[in-house]
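This report goes through a single protein chain, from individual side chains to the whole fold. Please keep the sequence and the 3D view at hand while reading.

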Amino acid sequence: MEPEDLARMIQKVNNKSTVTFINQIRRRISILERPLVTSRGDGKSYIYSNFNPKYAQYAITILRTYYNFCMPYKAYGELATPAQRIGIVDKVYNWEDIIYFR
């Protein structure tokens, strides 16, 4: 590939899909709230949630699967999920298909 062609291709790259996914996580999963240190400094206070790394990982995995296979969005003139865009699947799944392995 010529350097000019490579430069044009790199200019078209963006992180929009990554930022969108991270924003979805921040909006939808409340157990990812970080603990606050109390004013006395004697321990951590979980004011907004019950943070548990094990369940946070489960929630992120579920959201990632839902986002990639069940949630279509319009980009480049077509409505498709991220999994459809890269050719893994050919249809939009609903959450029941994912839960029951259909």
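## E78 and its salt bridge

E78 is partly exposed, with a relative accessible area of 44%. The model is predicted. The side chain of E78 meets that of R85 in a salt bridge, at 3.7 Å from N to O. R85 also counts as partly exposed, at 27% relative accessibility.

R85 has a second role to note. It lies over the face of Y73, at 4.9 Å from the ring centre. Thus R85 pairs with the carboxylate of E78 and sits over the ring of Y73.

## The salt bridges of helix α1

How many salt bridges are there by this rule? The count comes to three. One is the R85 and E78 bridge. Shared partners join E4, D5 and R8 into one network.

E4 and R8 meet through their side chains at 4.0 Å, N to O. D5 forms a salt bridge with R8 too, and here the closest N and O atoms are 3.0 Å apart. Helix α1 spans residues 3-11, and E4 and R8 are four residues apart in it, so about one helical turn separates them. D5 and R8 are three residues apart in helix α1, which again means a separation of about one helical turn.

Is E4 buried or exposed? E4 counts as exposed because its relative accessibility is 59%, and the cut-off for exposed is over 50%. R8 counts as partly exposed at 47%. D5 is likewise partly exposed, at 37%.

## The aromatic pair

The structure holds one aromatic pair. The ring centres of F69 and Y93 are 6.4 Å apart and the planes stand at 70°, so the pair is edge-to-face. The reasoning needs two cut-offs: centres within 6.5 Å for a pair, and planes over 60 degrees apart for edge-to-face.

Which parts of the chain does the pair link? F69 is in helix α3, residues 53-69. Y93 is in the loop between α4 (82-85) and α5 (95-99). The two residues are 24 apart, and the pair links distant parts of the chain. F69 counts as partly exposed, at 22% relative accessibility. The limit for buried is under 20%, so F69 does not meet it.

## The nonpolar core

Which residues form the largest nonpolar core? There are six: F21, I25, I29, L63, Y67 and M71. The elements that give two or more residues to this core are α2 (16-28) and α3.

Y67 has contacts beyond its sequence neighbours. Leaving out residues up to four places away in sequence, Y67 touches S17, T20, F21, Q24, Y73 and P82. F21 is thus both a contact of Y67 and a member of the core. Y73, the ring under R85, is another contact of Y67.

## Q24, beside the core

Q24 is found in helix α2. Q24 counts as buried because its relative accessibility is 12%. With residues up to four places away in sequence left out, Q24 touches L63, Y67 and M71. L63, Y67 and M71 are members of the largest nonpolar core.

Q24 and R64 are 40 residues apart along the chain. Their C-alpha atoms are separated by 9.4 Å.

## D97 in helix α5

D97 lies in helix α5. Is D97 buried or exposed? D97 counts as buried, at 12% relative accessibility. What does D97 touch, not counting residues up to four places away in sequence? The contacts are K91 and R102.

## The whole chain

The secondary structure comes to five helices and four strands. From the N terminus on, the elements run α-α-β-β-α-β-β-α-α. Helix α3, which holds F69, follows two strands in this order.

The protein chain has 102 residues, and buried residues make up 19% of them. Its accessible surface comes to about 8,600 Å². Carbon and sulfur atoms account for 55% of that surface. Among contacts between residues at least 6 apart in sequence, 34% join residues at least 24 apart.

Conventions:
Residues numbered from 1 in each chain as written. Predicted model: local features only at pLDDT ≥ 70, side-chain atom pairs only at ≥ 80, totals over all residues. Heavy atoms only, no water. Phe/Tyr/Trp six-rings, centres within 6.5 Å; stacked < 30°, edge-to-face > 60°. Buried < 20%, exposed > 50% of the residue type's maximum accessible area, 1.4 Å probe, protein only. Lys NZ or Arg CZ within 6 Å of the ring centre and 35° of its normal. Core = buried A, V, L, I, M, F, W, Y, C linked by side-chain atoms within 4.5 Å. Contact = heavy atoms within 4.5 Å. Areas by Shrake-Rupley, 256 points an atom, 1.4 Å probe, with all protein chains shown as cover.
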